[in-house]
Amino acid sequence: MSQKKRKNGTKVWIAILVFLVIGAGGVLGYKIIKDKENAETSVEEGQDNERIIAVIEEKKVQIFQGNERPIAVMIDNHKDAWPQAGLQKAYMVYEIIVEGGETRLMALFKGSEVEKIGPVRSARHYFIDYAMENDAIYAHFGESPQAKSDLKKFSIDEINGIVEDGTTFRRVKDKLAPHNAVTSTAKLIESAKNKRYKMTSNQESVLNYVTEEVKLEEGQEATTVTIPHSQLQTVKYVYDTENKVYARYARGKAQIDWDNNEPVTTKNIILTFCDNYTLTDPENKGRQGLKNIGTFDGYYITNGKAIKIKCIKEAREQQTIYQDLEGNEIKINDGNTFVNICPIDSNVTIEGDTRDVP
């Protein structure tokens, strides 16, 4: 082969090598650039995911979330028991008449730490219905004969202060017995675990909570709501337009928290009209029964407005359904709720812009 051909061949191979080197470099450079872009995109996507998760969390109902099983606690509502502790941290509170024209409260807690709850008082059998429909562990300090029978009949997961006084429950010195037994969510959970009760629940809330603000624009004005449960016990709610909650009063006295003296307020009020009656009781204490199975008239009240509703409970253990007059399940604002169950002939008044304070 001539020297000229060898030189030409060498030049060709050099050119090929240079091309390959340049090509490899380009591929490597492209890969580096793409890897960087992918990494940056990954970071951006991660940040976007965090933002999306934050938005989703923000849109979740806050008052009722998670699968922790609720705990229902019977709260004394005698005037000597005031003020009470823990009501403001309950997601729902039921108020129903008991003997002597008094009412008793049942406060429901879920996923919250409450250091002081009380004063805790004895069970009444119709409160068990509302503990069942919330799939709640039922805490009380003693019980009526009817409640004792129903606790066994329905196999209720209960925590009884008569049995656990001094452990789950304690007596305080700034109130007199029987109005001085208190507990905490931590103590109640500890007791429930020791009893091997199930601690989680997949049951949906009784109330149809929504995250968008419910304004009841077609409803009547409701800045003051007065509910006479009996000649002895009248409850009044007064709307706070700035904070969009109702302050609670009983027998003309503002309800406050036992420890911090903050007012007891509620976002929602549900009113149900169904009659109570006096039981034929060997103890002759005037204990009450409640005609709460069926369809009953009521009101849903929130944000300074009220609408008429139907309250439907088909069986003691079944959840109450709250519907508007067109038959649609009502939407409930994300916030705590007081459910007042009062006699059909109760002279309830719902008023507009009144300025009086009870």
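Start by selecting Tyr322 in this predicted model. Setting aside neighbours within four places in sequence, Tyr322 is in contact with Val206, Leu207, Ile270, Thr272, Ile309, Lys310, Cys311, Asn328, Glu329, Ile330 and Val339. Show those side chains as sticks and keep them on screen for the next stop.

Now widen the view to the nonpolar cores. The largest one has 41 residues, and Tyr322 joins Met106 and Tyr138 as the members that touch the most others. Colour helix H2, residues 125-133, next: H2 gives the most to this core, with 6 residues. Then pick out Val264, Phe273, Tyr299 and Ala306, which are among the 40 residues of a second, separate core.

Where does the largest cavity sit? Select its lining: Tyr130, Thr272, Cys274, Asn292, Phe296, Cys311, Lys313, Thr320, Tyr322, Val339 and Ile341. You will recognise Tyr322 there, along with its contacts Thr272, Cys311 and Val339. Strand S19 (305-313) and strand S22 (337-342) are the elements that give two or more residues to this lining. By character, the lining divides into 7 nonpolar, 3 polar and 1 charged. The volume of this cavity is about 70 Å³, and the model has 4 cavities of 30 Å³ or more.

For the last stop, colour the chain by pLDDT. The average is 88, and 82% of the residues score at least 70. Select residues 1-33, where pLDDT stays under 50 and the model has 1 contact beyond four places in sequence. Finish with residues 39-43: here too the pLDDT is below 50, with 0 contacts beyond near neighbours in sequence.

Note on methods
Residues numbered from 1 in each chain as written. Predicted model: local features only at pLDDT ≥ 70, side-chain atom pairs only at ≥ 80, totals over all residues. Heavy atoms only, no water. pLDDT = per-residue confidence, 0-100. Contact = heavy atoms within 4.5 Å. Core = buried A, V, L, I, M, F, W, Y, C linked by side-chain atoms within 4.5 Å. Buried < 20%, exposed > 50% of the residue type's maximum accessible area, 1.4 Å probe, protein only. Helix = DSSP H or I, 4+ residues; strand = E, 2+ residues; numbered from the N terminus. 1 Å grid on protein atoms, 1.4 Å probe; cavity = no way out; pocket = protein on both sides within 12 Å on 5 of 7 lines; lining within 4 Å. Points joined across faces, edges and corners; volume = space filled by probe spheres on them. Nonpolar A, V, L, I, M, F, W, Y, C, P; charged D, E, K, R; others polar.
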